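Me: I would like to go through this structure with you and ask how each label is earned. Could you set the values against the cut-offs as we go?

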Amino acid sequence: MKNAKRVYLALFIVLLWSVNSVAYQNTKTVKLLSTWKAHLAEVESAKAQEQEDWSKIQLKATKVAGSIYMIDMVEGGDGFAGGNIGVSIGSDGIVLVDDMFAPLAPKIFAVLKTLSDKPVRFVINTHVHGDHTSGNVAFGATATIIAHANTRQQLATQGADSKDKPVPAVALPVITVDERLTLHQNGEDIRLIHFPKAHSDTDVAVFFTQSNVVHLGDMYFSGMFPFIGRGGSIKGLIAAIEKVLNDIPANAKIIPGHGSLSNTVELRATLMMLKETSAIVEDGIKKKQSLKQMTEAKVFAKFDKWAHGYINADQFLEQMYKVLTR
Ligand SMILES: [Zn+2]
């Protein structure tokens, strides 16, 4: 992933993290976070005022397998488009998994036009966060939105990122999933399975059974340290990834919430990293070590290659510590 793209992603994560997190005792961290938030505010207001940043964003579709495509940013592009979109095309119409940000909807439609002349019939939200659901407001008027019951409940009461306003009714899911649901479209059994307390408390994985593809939403950041949001847990995330790896064929293609198109080998490497890093922190907590002591001891030094943007090993350690002690 291009560095600029990672920086924008990191800024977005920091915004979610600061919204979701409890008060920080470490004043240095507070200072750092507020600097990042200021950067983000700049980015957001620049976008809102001039729409320059949205206009710079270029989207592309990549064939994944069977009748499934992935839409993400053109490599080397500037800005942050949001989470990767999964697309199923066929005689019934288009099924989207996630829909980025509302101002990008015309660009998403333009890319879809190159794949199919059918309308978008269904939009599935992998989870509540705004970088995956903000496009609902553009798609909801003509397509049926499907999501976990908690996604609908949160969008209807607090918006996508807990500090927002409720979203307009048109952007709300109209079909909700509690545990699982199968959508039969385009000759595909599209299976939605809920994983509790993973990246959030709203996650569904979307399995395209015949095409042998799964979209994991933000339960998977490929090649990067993940972000664990409000309602999520590291144990739940590890359990979810283990279950997915157990259930899908070894040659399945995996669309991550963020990062490049991936596969089971890379997902397994992420699983190992999550198990090792969480075990290190759990061990430190058991030995009554503080976050400061673990940071100074550089306990995550060997995981540096998973860093992206501002989410370096120290930041991931801090997140892991807070997730494990909350
Ligand atoms: Zn997310």
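Me: Where is Asn-186 placed?
Reply: In this predicted model, Asn-186 sits in the loop between strand 8 and strand 9 (188–194).

Me: Why is Asn-186 called buried?
Reply: The cut-off for buried is 20 or more other C-beta atoms within 10 Å. Asn-186 has 23 C-beta neighbours inside 10 Å, so it counts as buried.

Me: Which residues is Asn-186 in contact with, leaving aside neighbours within four places in sequence?
Reply: Ser-67, Ser-88, Ile-89, Gly-90, Ser-91, Asp-92 and Val-95 are in contact with Asn-186. As for Ser-67, it is 119 residues from Asn-186 in sequence, and their C-alpha atoms are 8.3 Å apart in space.

Me: What makes Ala-138 a buried residue?
Reply: Happily, the reasoning has the form you just saw. Buried begins at 20 neighbours, and Ala-138 has 23 C-beta neighbours inside 10 Å, so it counts as buried. Ala-138 belongs to helix 6 (residues 136–139). Not counting residues up to four places away in sequence, Ala-138 touches Ala-102 and Ala-105. The C-alpha atoms of Ala-138 and Phe-101 are 9.1 Å from each other, with their positions 37 residues apart along the chain.

Me: Which residues of helix 7 are buried, and what do they pack against?
Reply: In helix 7 (residues 149–157), the buried ones are Asn-150, Thr-151, Arg-152, Gln-154 and Leu-155. The buried residues of helix 7 pack against helix 5 (130–133), strand 6 (144–148) and strand 7 (175–177). Just after helix 7 comes Gly-159, with a positive phi of about 80°.

Me: Now the strands. Why do strand 8 and strand 13 count as edges?
Reply: Six strands make an open sheet, ordered 8-9-10-11-12-13, with mixed pairing. Strand 8 (180–185) and strand 13 (262–263) each have a single partner strand, so one side of each has no neighbour in the sheet; that puts them at the edges.

Me: How do you know that strand 11 and strand 12 pair?
Reply: Pairing takes at least two bridges. Strand 11 (residues 213–215) and strand 12 (residues 253–255) have 3 bridges, in the parallel sense, so the pairing condition is met. Val-213 stands opposite Lys-253 in strand 12.

Me: What is the crossing between helix 9 and helix 11 like?
Reply: Helix 9 (residues 264–286) and helix 11 (residues 313–325) pack at an angle of about 60°, and their axes are 10 Å apart. The crossing is right-handed. From helix 9 the contact uses Thr-277, Ser-278, Val-281, Glu-282 and Ile-285, and from helix 11 it uses Met-320, Tyr-321, Leu-324 and Thr-325. These residues divide into 5 nonpolar, 3 polar and 1 charged.

Me: Which residues have the most contacts inside the largest nonpolar core?
Reply: That core has 82 residues, and the ones with the most contacts inside it are Val-87, Leu-96, Ile-124, Ala-205, Val-206, Val-214 and Met-219. Leaving aside neighbours within four places in sequence, Met-219 is in contact with several residues, including Phe-195, Ala-205, Leu-237 and Ile-241.

Me: And for the protein overall, what percentage of residues count as buried?
Reply: Of its 326 residues, 46% count as buried. The protein has 11 helices and 13 strands. Among contacts with a separation of 6 or more, 64% are between residues 24 or more positions apart.

Note on methods: Residues numbered from 1 in each chain as written. Predicted model: local features only at pLDDT ≥ 70, side-chain atom pairs only at ≥ 80, totals over all residues. Helix = DSSP H or I, 4+ residues; strand = E, 2+ residues; numbered from the N terminus. Buried ≥ 20, exposed ≤ 12 C-beta atoms within 10 Å, placed from the backbone. Contact = placed C-beta atoms within 7 Å. Axes fitted to C-alpha atoms, helices over the stretch in contact; angles between N-to-C directions. Left-handed = near helix turned anticlockwise from the far one by under 90°. Nonpolar A, V, L, I, M, F, W, Y, C, P; charged D, E, K, R; others polar. Core = buried A, V, L, I, M, F, W, Y, C linked by C-beta atoms within 7 Å.
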